[in-house]
Amino acid sequence: MNLRHLLSLTLLLVWGTSFAQTGKIEGKVTGSADEPLAWLEVGIEGTYYGAYTDDNGQYFIEGIEPGTYTVKVADMVSGTTTSQENVVVTAGQTTTVDLKLVETVETDQVDFAIEWEPDPVTEEAALEEKMNNDNVVEEQSSEEMKSKGASKASDAVKSISGVSIVNGKYAYIRGLSDRYSKTLLNGSEVPGMDPNRNAVALDIFPSSYISNITVVKTYTPDLPADYSGGLIDIHTQEYPDSLTIKLSLGATYNSQSSFNNNFRTFNTNPGQGGGESSVGNGMDWTVLGFNNSSQNLPTEAVNKVQDGTYPGFGFGSTQEEMVSLSKSFNKVMVPTTGLSGMDHKLNFTIGNKIALTPDSVAEQKVYGYFFGVNYRRSFSHFEDGERNIYTLNGNIDDKSELNLAQYNNLSTSKDNVLLGAYWNNVLQLNTRNRIGLNLIHNQTGSTTASYAEGQKDTELDWQMRTTLIDYTQRSLSSAQLYGKHEHYIGQDSANIGKKLEIDWIQSATLASQYQPDTRVWRDAFQETDSTRYYEVRPSAFGTPTRFSREMNEWNADSKINFSLPFTFGPDSAQKTLTMKAGLSNTMKSREYSELRFDYSIASGSYNGNDIEGSISDENMNPTSSSENPNVFIQNNTAPGNTYSATQRVTAGYLMGSYNLTPRLDFVGGARVENTDIFVESADPTKDKGDLAQTDVMPSANFIYSIWKDKAVRSKLDTNDFDYRNMKLRMSYNMTLARPTFRELAPFAADDFFLKATIVGNPNLEITKIHNLDLRWELYPRAGEIISVSAFYKHFFNPIEVRYAAKAQNREFTWENSDEAQLYGVEFEYRKKLDFITPALKNFKIGTNITLSQSLIELSPEELEKIQSIDPYREDTRSMFGQSPYLINAIAEYKNDSLGLNMNFTYNIFGERLAIVNIDGTPNIYEQPYGDLNFNLMKKFGERISVSFRAKNILNPTIKSVYKFQGDAAAYEKFEDTEYIFSSNKRGRRFSLSFGYTF
Amino acid sequence: MKNLIKMSLYAGFMASVAFGTVSCSEDDSTTTNPGSKGTIYTETVSYLGEDSTKKLVQVEVKDLGEGTGTVTWTKDKVYILSGRVFVNEGQTLTIEPGTIIKGQGGQGDNASALIVARGAKIMAEGTKAEPIIFTSVNDNTVRYADDVNTLQSELLSQDLRGLWGGLIVLGKAQLNSAPGETAIEGIPTSESRGLYGGTDDADNSGSLKYISIRHGGTNIGADNEINGLTLGGVGSGTTIENIEVVANADDGVEFFGGTAQIKHLVVAYCGDDAIDYDEGYRGNGQFWLAVLDSDGDHGGEHDGGTTPEDGSPYAHPIISNVTYIGNGSSRTMILRDNAGGEYHNSVFYNFGKGIDVEDLDSGEDSKARYDAGDLKFENNLFFEVEGGTNLISVVDKDKAVQSELDLGSNAVASAMPFTSAESPMASGDAASGAVMPSGSFFTSVDYKGAFGSDNWAADWTYMSQKGLLK
């Protein structure tokens with residue numbers, strides 16, 4: 001007899017003796033948005049009775065001795081608990097206890113695993129784009145609302161196996177890029193803020209009003225079908241049970257950016273402190289995340305570009321007009337240095353539940369609200385960053401090393417402001433009907449200043465200098481009106497009847513990204529006796545330039561869902577079929593526009609040591625003869641890059657969940673989505689992008705309970721029981737991925753930041769993904785889990801970046817590859833350490849590990865070009881951003897009686913493909929680095945909480961490299977030499993914050 | 001039709017801009033639009049001059065995909081290029097002597113250029129008396145329709161660069177880059193008319209004679225400036241003689257592979273290199289003059305291959321009788337990435353830096369070509385190059401390879417080898433001693449440099465008209 005049989009036998013004995021004289025508690029556990037919460041432990045305080053909720057949030061506990069109890073539910077991930085007291089259990093009766101986990105918990109901004117953006121569309125990124133993509137420290141320090149448990153948001157996203165955050169914003173799930181993940185806000189669609197991605201930037205959601213974030217890695221027909229790796233749903237706070245007012249303040253010291261005299265910044269309006277961003281000489285709007293007017297392009301010049309009257313070359317009045325417009329541009333073009341401060345933040349929330357009718361009324365009406373404002377400002381800085389380009393400049397057999405084609409030493413500073421306001425209102429008409437209105441505005445302003453010097457191997461007579469100053473403003477405004485209703489059909493005395501549940505949401509969202517005037521200065525210098533002689537050399541190094549872009553995306557989403565159970569068969573073997581059906585309609589509308597202006601500077605008049613002097617009004621003079629002024633600003637806007645686009649997705653689904661046997665549940669159905677996408681350039685001669693398609697996506701999920709709510713006496717001589725559940729889940733689902741607007745837009749346009757020509761492809765088809773999942777999971781007891789999952793994904797028509805082998809300049813488009821595959825396993829383990837000794841009962845360790853592999857085929861054209869110098873190159877590669885491994889680990893000490901919680905978290909990923917080169921040069925991989933953090937939270941009484949955090953303790957070098965097996969000896973040993981493409985450090989961060997509850 | 005009306009108005013607007021305060025009356029526009037992808041020819045007639053008696057006919061050409069068609073452009077009209085105008089495969093564009101073609105302003109996507117696609121022909125045969133002029137719409141040079149034999153010339157400053165795009169000729173001759181076919185700079189590969197390269201080294205793209213290309217080189221896309229004359233995969237069957245490129249923002253002439261041959265070429269006041277070659281150029285050249293001002297970079301920038309750098313066939317043009325006049329600080333010439341080539345009987349004057357022959361550890365350099373006999377300098381004269389008084393010093397002092405170059409047949413001139421910098425007629429050491437490279441292309445002369453005693457660039461060039469070349 002093996003152990004399992006022994007335990008089963010034990011269980012039977014326990015059950016047999018207790019059932020007759022006992023009662024039963026059943027109910028449903030829901031979250032703040034009334035979503036069912038699965039796999040939470042429900043227990044009866046002071047006893048060993050307990051159970052786990054199922055996928056519908058339902059639980060039941062049988063065999064309870066009659067009495068009065070407190071029923072408690074705990075979310076072991078967050079440490080959140082809620083309970084209901086005075087629950088009376090009567091022998092032979094069932095007591096219903098529905099629990100709601102609405103309690104506010106301390107949440108943290110999604111923690112950023114990865115800094116450098118492995119942008120799939122960059123072949124060999126030039127300096128300017130790297131500066132921009134190098135979002136060095138988007139890291140937001142923790143938000144204190146209540147010092148209880150680990151931060152929910154970061155746990156929910158970052159510590160879930162297979163999830164990593166790229167570029168501080170975008171979720172990669174199971175190694176699949178943001179193309180295959182999706183983010184919802186309270187179940188409703190939100191627009192993205194990146195012109196080239198479908199994904200939602202997660203960094204714009206302040207944590208203080210996030211209740212929790214769920215990540216769904218499989219699929220059911222009631223969810224939007226356009227994801228494969230995972231679906232992230234951000235749930236916001238609903239309202240507290242009683243008046244709650246909280247205030248928290250915090251500050252963070254960053255070893256690289258705080259109190260640094262070399263912090264790079266710029267002030268577009270030095271006289272009045274406007275545009276000041278970090279040095280601190282006065283209040284201005286950027287401090288609150290809004291641009292100020294001196295950061296904008298001059299209105300008249302912009303209007304003249306837009307109505308086509310910005311002057312070209314000309315003489316007389318034409319030249320005078322151009323000179324006059326040139327003078328109207330703000331003169332600040334390059335960064336200065338100054339002293340930076342510390343990161344700081346402030347958070348205020350207030351919420352209450354107000355009874356509108358007296359307690360005595362059976363159907364009490366309740367109004368609840370939650371209001372919050374959140375502000376944080378953070379700085380980041382690095383020096384001695386490297387940005388290099390290497391090439392394999394001949395047949396691989398003849399080469400022992402890569403050729404350094406370009407190097408740059410880079411220093412970048414960033415100043416990020418996040419301002420958020422949130423107001424949720426709920427009107428509960430009775431226990432069955434509630435309506436809510438949720439209003440959100442989030443605003444971020446990010447100031448970036450970079451300085452680089454380097455050299456190109458094609459211009460060895462010169463060194464080059466490149467600077468960038470940029471202000472990027474993003475905002476998201478959302479209004480969501482939602483309702484939940486229950487209606488009982490066919491109610492009779494023996495049965496409560498069929499409960500029809502209806503929920504609906506209508507949301508309207510506007511997301512904007514605005515870069516008012518990104519200014520890049522490019523020149524070259526020769527140095528003799530430490531004296532520099534500068535020239536602007538447009539042909540070799542590009543021209544000084546200013547760029548602006550704005551994107552507004554409106555989104556209207558309507559969803560309604562119906563759920564109705566049907567029961568069959570005799571009471572002894574009753575089966576329930578719960579049918580669910582719904583409709584949704586999502587409209588997206590985007591307006592994208594950009595502007596570009598280039599400086600024209602006659603070399604003779606240029607003084608690179610005094611750039612502002614060189615471009616002063618005195619040097620912008622119309623000439624009387626047929627000659628150019630020394631300095632003027634040309635319009636280089638490509639009207640074709642400005643476009644508008646719409647997308648409508650109308651969907652309907654029908655699904656059912658059915659207990660085929662007491663142990664085997666089936667959940668499945670189908671969803672139909674009708675897509676219509678249209679993209680149109682502002683230049684009417686450009687072709688239009690159009691995609692209309694209807695897809696039917698089947699879904700089948702089986703859940704087999706190997707053990708169900710087993711109460712197991714772990715030590716036969718005590719009353720200490722463990723509750724064990726073991727399940728096996730299998731699923732097959734079909735999902736899809738749509739092309740982005742820009743990918744579908746058939747026109748060619750130069751991308752300013754990527755320094756490449758982008759050509760959309762109107763023939764793109766929607767990607768279909770077949771997903772197979774298998775998961776075995778064991779919940780030994782509260783707070784513990786062991787699970788093993790395997791997944792296989794087969795992509796048909798996956799959309800991949802294709803580089804034009806025939807192009808002289810960087811140029812890429814998107815194509816549907818025939819197919820691609822991704823497979824992997826996930827392992828998760830969380831355990832309390834009291835199995836070693838009871839003294840360790842407050843310690844817990846956990847880890848999750850994802851191993852995966854992907855294969856995608858190169859296009860024949862790309863392969864031919866690569867193999868012309870590297871004939872050994874395989875015809876497949878991994879997908880962008882896919883790591884062979886991802887590891888998260890946590891070690892935690894938690895003592896509720898002391899109000900103390902401490903933990904170390906650690907995160908690392910395997911190297912992942914960042915940039916593909918098609919000239920035969922090895923591809924660029926982002927390298928693993930360890931991210932170690934320490935968190936300490938302590939409560940002093942009921943009102944005061946203090947937390948201390950140490951982040952990025954290891955301060956590793958973050959780098960992306962080319963790997964090349966150079967000489968024969970190294971080749972035989974399979975030793976790669978690393979050539980740095982980019983590298984920099986983020987700095988260690990130490991933060992302290994105080995929270996007070998009024 | 002809305003667009004067409006707009007374009008007609010635009011043409012009229014341009015005309016009024018071009019003529020400033022001069023009164024004009026009775027503008028009359030007619031538009032021909034053969035279809036949705038067709039090329040729109042918008043003809044605008046203006047009457048100019050004090051008494052509005054001078055009739056100017058301007059034809060704006062906007063190509064939506066079907067190219068110019070097989071047509072003749074005549075000198076009684078001024079042709080305005082609106083954006084990229086192609087001569088499509090199978091079409092022949094004939095341009096009469098004396099015709100003026102002007103490019104509109106605009107960068108990137110809007111850059112104007114005349115592009116002769118692979119498989120198309122251009123027959124642009126100007127004469128010394130009536131050269132064909134490519135310039136900007138800001139250039140008031142015109143011929144009136146009722147006085148076609150008089151050129152109304154107003155020369156703009158030589159500092160005015162980048163006012164429009166340039167002239168691009170594409171052919172079927174071989175390149176050494178993978179995959180053997182390339183899209184010309186600034187044109188996305190989705191525009192198949194921008195592709196060049198093939199296997200026919202004797203390909204014939206037509207004939208270019210007595211052509212002056214002025215003030216071009218605007219940014220054509222992805223931060224690439226367009227060359228004055230771009231020759232992509234152009235074959236040796238193409239006739240190219242007596243060409244002038246002046247005040248171009250980028251290179252004067254750039255060869256991308258192919259076997260094009262040019263006899264009599266003037267490149268002056270360009271913003272980058274005077275002569276550039278890449279992707280395995282293997283043609284011939286004779287009687288070239290390059291003049292660099294302070295914005296110029298190299299006299300010659302010569303690359304072998306790009307992707308891969310060891311692509312074959314290697315670049316190996318044979319060039320004789322060129323005169324490169326530098327600005328005192330720039331570099332005479334750079335050869336790299338397996339660029340070979342031969343310079344014979346040439347004169348290099350007034351460069352701050354000498355000849356840089358790339359020598360890398362990796363070996364994908366022009367030193368390798370030199371060692372293999374594919375890179376030669378024979379019978380050339382240097383004067384005031386890197387201040388050098390001997391042959392070693394005129395090859396870049398910093399480069400290790402310099403001492404290995406066999407400069408035996410070359411010499412440092414003892415005195416100015418021509419009349420003056422503005423009149424580079426051979427004198428002194430340049431007056432004799434030339435040894436012609438083999439090949440029927442080369443005209444046998446005794447002098448070194450681009451000019452003997454006869455100024456073949458006189459009268460028809462901007463340089464000559466402006467008094468910059470005497």
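Two strands count as paired when DSSP finds at least two bridges between them, and the elements themselves are DSSP runs numbered from the N terminus, with helices (H or I) of at least four residues and strands (E) of at least two. Residues are numbered from 1 along each chain as its sequence is written, while chains are lettered from A and ligands numbered from 1 in the order in which they are written. Keep in mind that this is a predicted model, in which local features need pLDDT of at least 70, side-chain atom pairs count only at pLDDT 80 or more, and totals for chains, interfaces and linings use all residues.

**View 1. Confidence along chain A.** The predictor's confidence in each residue, pLDDT, runs from 0 to 100. Chain A averages 78, with 82% of its residues at 70 or more. Among its elements, helix H2 (residues 127-133) of chain A sits at the bottom with a mean of 24, and strand S28 (residues 643-659) of chain A comes out on top with 93. Residues 272-283 of chain A fall below 50, and beyond near neighbours in sequence this stretch has 36 contacts in the model; a contact here is a pair of residues whose C-beta atoms, placed from the backbone, lie within 7 Å. Residues 713-719 of chain A are also below 50, with eight contacts beyond near neighbours in sequence. Where pLDDT is low, the predicted coordinates should not be read in detail.

**View 2. Where chain B meets chain A.** Chain B puts 49 residues into the contact and chain A puts in 50. On the chain B side, helix H1 (2-18), strand S15 (182-183), strand S18 (219-221) and strand S19 (224-225) each supply at least two residues. That side of chain B divides into 14 nonpolar, 20 polar and 15 charged residues. For this split, Ala, Val, Leu, Ile, Met, Phe, Trp, Tyr, Cys and Pro count as nonpolar, Asp, Glu, Lys and Arg as charged, and the others, Gly among them, as polar.

**View 3. Strand S46 (residues 944-951) of chain A, with a partner on each of two strands.** S46(A) runs antiparallel to strand S45 (residues 931-940) of chain A over seven bridges, and eight bridges join S46(A), again antiparallel, to strand S49 (residues 989-997) of chain A. A:Phe948 is a handy landmark: A:Leu936 stands opposite A:Phe948, and A:Phe948 in turn stands opposite A:Leu992 in S49(A). Now follow the side chains: A:Ser945, A:Ser947, A:Arg949 and A:Lys951 point to one face and are buried, while A:Ile944, A:Val946, A:Phe948 and A:Ala950 point to the other and are not. Buried means that 20 or more other C-beta atoms (placed from the backbone) lie within 10 Å of a residue's own, exposed means 12 or fewer, and partly exposed is in between. In the hairpin of S45(A) and S46(A), with three residues between the strands, A:Gly941 has a positive phi near 70°.

**View 4. A four-strand open sheet in chain A.** The order is S32-S33-S37-S36, with mixed pairing. Strand S32 (748-751) and strand S36 (799-803) of chain A are the edges, each pairing on one side only. S36(A) and strand S37 (residues 811-816) of chain A pair antiparallel over five bridges, and A:Tyr803 has A:Phe812 in S37(A) as its bridge partner.

**View 5. The loop around A:Pro66.** A:Pro66 falls between strand S4 (58-64) and strand S5 (67-75) of chain A. A:Pro66 counts as partly exposed because it has 14 C-beta neighbours inside 10 Å. Leaving out residues up to four places away in sequence, A:Pro66 touches A:Gly23, A:Val89, A:Thr90 and A:Ala91. The C-alpha atoms of A:Pro66 and A:Val89 are 4.8 Å apart, although 23 residues separate the two along the chain.

**View 6. Strand S30 (residues 347-351) of chain B, an enclosed strand.** Five of its five residues are buried, so S30(B) is largely enclosed by the rest of the structure. S30(B) pairs in the parallel sense with strand S27 (residues 318-325) of chain B over three bridges, and with strand S33 (residues 381-385) of chain B over four, also parallel. On the S27(B) side, B:Ile325 stands opposite B:Tyr349; on the S33(B) side, B:Val347 stands opposite B:Leu381. Chain B as a whole comes to four helices and 36 strands, and 62% of its 470 residues count as buried.

Key:
Contact = placed C-beta atoms within 7 Å.
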